[in-house]
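Reader: I should like to learn how to read the features of a model with two chains. May we take them one at a time?

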Amino acid sequence: MKSGGEFLADHVKGIPRSGIRDFFEIVQKRGDVISLGIGEPDVSAPWAVREAAIYSLEHGRTGYTSNSGSLKLRNEVATYVENIFGERYNPENEILVTVGVSEAIDLALRAVLNPGETVLYHEPCYVSYAPSITLAHAKGRAIRTRAEDGFRLDPKAVAEAAKGAKVLLLNFPTNPTGAVLSGRELDALAKVCVENNLLVISDEIYAELTYETKHESIVTRPGMRERTILLHGLSKAFAMTGFRIGYACAPAPLIEAMMKIHQYAILCAPTLSQEAAAEALRGAEVTTREARESYQMRRDFLRRKLEEAGLKPTNPAGAFYLFVDIRSTGLTSREFALQLLDEEKVAVVPGEAFGPGGEGFVRCSYATALDRIEVAAERIGRFVKKLGERRLVAAR
Amino acid sequence: MDPLLQILKERGRLPTAELAKLTGKSEPEVEKAVRRFESDRVILGYQAILDSDKTGHGGVRAVIEVKITPERDGGFDRIAARVARYPEVVSCQLMSGGYDLLIVVEGSDLKRVAGFVAEKLSTIQGVISTATHFQLKTYKEAGVLFLQDDKAERLSISP
């Protein structure tokens, strides 16, 4: 007789526990920790957005919407996407509203992959990519990006890895490295995708949080619109993580297939959240500009502080993370994070959580109040100094 | 907006050393920039925002709509400047619509504010009429909310 865990599917059993969740449980047990480990904004959603949610409740809008999402929201999405990404999608059949980008990634992978097919993705990367590929019964093939290249994806590396692959999963700006691709790199990458007949699933959730340059999407490159599923959502730039609203934009047959899975699994994204999201997109310009300016200041500040402490943070052009090189300390990323937590009560995320390519780095989020960042950076500096002294003593 | 100005607008009392750290400039650079903003009158002053319920020195505040007759030379400006110069007047703005000046007046008690309106404001030549509204409770001032949002708890580590 079987019981409990013996009923589990092999491919689910094979997925390791999330390194982030693991570390979260350790941090949760300590009090009084300054966390630079948080992957969400430190402010609540704009008041107008919260007000829209209240209004929709007051007016009893508590039923289902269309499976694809309310047409009102899809219209707003179409306008917004055209402004930000420079591509027009038909709200009738080319846009699907999802429960965050996470659901959209799952839908996209399941809609296009047959069992055993190969997905390319760049790594270090967001924690869900490899497991989502496995859950879609497909095989992931990681392309390592490196600190020396600013963690940008080399189109040549994609070309070399492309044989037999069907999908390329992109995430620029990248969580955890903050890397973005230049226009020229996008040109070259798009060419490789067309030549190798790759479908691109492009998670551009941090698009608005691009600092020195304006965000560009691969979807605008020649030959890419018909082979790209563009994913975006409201969590990051609009501080709406808990509302769980994302969306996918793609040619109608792809959206139709994703919608089939979505309608049976989810039915529709929460109506209340859709109302709030439509309001957020209407007032988008001010919200996203303010968010960008505020993060940019904090990024520069944290980076300077960490450099003063003798560490080498990446120079992220997007998102709200610094991926910090800690190899000079001689510790693994997990050892570094655990000791930092023990000795200085500062939480950062060990790079190993983002795949083997993240080893030797820790992720520091600067989506935290400036005064907290300042104290955290001072403590990290003190910790690194102590490590250096200890190594000197040990060497004698 | 210049990041330095933005910080000063939000957190006016930061010391120079702190401003230097935040903007990545040196302290002398920050001092120079701030002095420049002040001398160019981009920055006009620095004030704390107080909750008068807690200071115990609240007094009363009134918003007064004032109708005035514009003058051939200078329109509303001369009379507006005369009104604005009274220390009791906290703010004074020319408005579109049913009246001309919107002024905010502060006094230690109701009688003093009423006295100011009756004896000083209304008697200025060119002032046609006034409508005085006393403030009962402040919810927000200078962009600062007096009620506090609940502290939203974030997970200490999230992907």
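Reader: How far apart do the C-alpha centres of domain 1 of chain B and domain 2 of chain B lie?

Author: Domain bounds come from an automatic or database domain assignment. In this case chain B is divided into domain 1 (3-39) and domain 2 (52-136), and their C-alpha centres lie 34 Å apart. This is a predicted model, in which local features need pLDDT of at least 70 and side-chain atom pairs count only at pLDDT 80 or more, whereas totals for chains, interfaces and linings use all residues. Residues are numbered from 1 along each chain as its sequence is written, chains are lettered from A and ligands numbered from 1 in the order in which they are written.

Reader: How many residues does the contact take from chain A and from chain B?

Author: Two residues are in contact if their C-beta atoms, placed from the backbone, lie within 7 Å. Here the contact takes 21 residues from chain A and 12 residues from chain B.

Reader: Which helix gives the largest share of the side of chain A that touches chain B?

Author: Helices (H or I, at least four residues) and strands (E, at least two) are DSSP runs, numbered from the N terminus. On that side of chain A, α2 (19-29) and α11 (284-308) each supply at least two residues; the largest share, five residues, comes from α2(A).

Reader: What surrounds strand β5 of chain A, and is this strand mostly covered or open?

Author: A residue is buried if 20 or more other C-beta atoms lie within 10 Å of its own, exposed if 12 or fewer, and partly exposed in between, with C-beta atoms placed from the backbone. Strand β5 (residues 165-170) of chain A is mostly covered, with five of its six residues buried. As to partners, two strands pair if DSSP finds at least two bridges between them. β5(A) pairs with strand β3 (residues 118-123) of chain A in the parallel sense over four bridges, and Thr118(A) stands opposite Ala165(A). Four bridges also join β5(A) to the parallel strand β6 (residues 199-203) of chain A, where Leu170(A) stands opposite Ser202(A).

Reader: How many helices and strands are there in chain A?

Author: Chain A has 13 helices and 13 strands. Of its 396 residues, 51% count as buried. Along its principal axes, the C-alpha trace of chain A spans about 70 × 60 × 50 Å.
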